[in-house]
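Visitor: I am new to this structure. Could you walk me through how its parts are put together?

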Amino acid sequence: MSDIKITIIDREGEAHLVDAPIDMNMNLMEVIRSYELAPEGTVGICGGMAMCASCQCYMLNKDHLLPEKSYEEEEMLDQAFFVQENSRLSCQIPMEKELDGLEVKIAPFNAD
């Protein structure tokens, strides 16, 4: 299996069931960008370095084992807006077969 299915809810509330490759060393932020599920320049501003929180997402299902948050991710989420208990930086979530069926919602970008 080289793809998994994940559901990404965009900022307008529309759900997208997408194929996410697990054989290309991609992370969730890169999948969101590749499907253009957020306006250009609003996801992954720092290039996936856990330095901006523009790729923040809410993990909607609790049955998937996600990697532990790094110190850098924790620090960035401490400074971010719209943070919830299930917030993660999508650039820190590598696409792996164990994430098949994952459901995420892209966090708001600004207060507009």
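Guide: Happily! This is a predicted model. A good starting point is β1 and strand β5 (residues 103–106), which run parallel and are joined by 3 bridges.

Visitor: What makes β1 and β5 count as paired?

Guide: Pairing asks for at least two bridges between two strands. β1 and β5 have 3, so the pairing holds by that definition. Within it, Thr-7 stands opposite Glu-103 in β5.

Visitor: Which way do β1 and β2 run, and over how many bridges do they pair?

Guide: They are antiparallel, with 7 bridges. Ile-6 faces Val-18 in β2. The hairpin of β1 and β2 has 5 residues between the strands, and there Gly-13 takes a positive phi near 95°.

Visitor: Why is strand β1 called mostly covered?

Guide: A residue is buried when its relative accessible area is under 20%. In β1 (residues 3–9), 5 of the 7 residues are buried, so "mostly covered" fits under that cut-off.

Visitor: What makes the pairing of the sheet mixed?

Guide: The 5 strands form an open sheet in the order β2-β1-β5-β3-β4. β1 runs parallel to β5 but antiparallel to β2. β3 (residues 56–59) and β4 also run antiparallel, joined by 3 bridges, and Cys-57 has Arg-88 in β4 as its bridge partner.

Visitor: Why do β2 and β4 count as edges?

Guide: β2 (15–21) and β4 (87–89) each have a single partner strand, so one side of each has no neighbour in the sheet. From one strand to the next, the twist averages 40°.

Visitor: Where does helix α2 lie?

Guide: Helix α2 (residues 71–79) lies across β3 and β4, at about 120° to β4.

Methods. Residues are numbered from 1 along each chain as its sequence is written. This is a predicted model: local features need pLDDT of at least 70, side-chain atom pairs count only at pLDDT 80 or more; totals for chains, interfaces and linings use all residues. Side-chain values use heavy atoms; hydrogens and water are left out. Helices (H or I, at least four residues) and strands (E, at least two) are DSSP runs, numbered from the N terminus. Axes are lines fitted to C-alpha atoms, for helices over the stretch in contact, and angles run from 0 to 180 degrees between N-to-C directions. Contact means heavy atoms within 4.5 Å. Buried means under 20% relative accessible area, exposed over 50%, partly exposed in between (1.4 Å probe, protein chains only).
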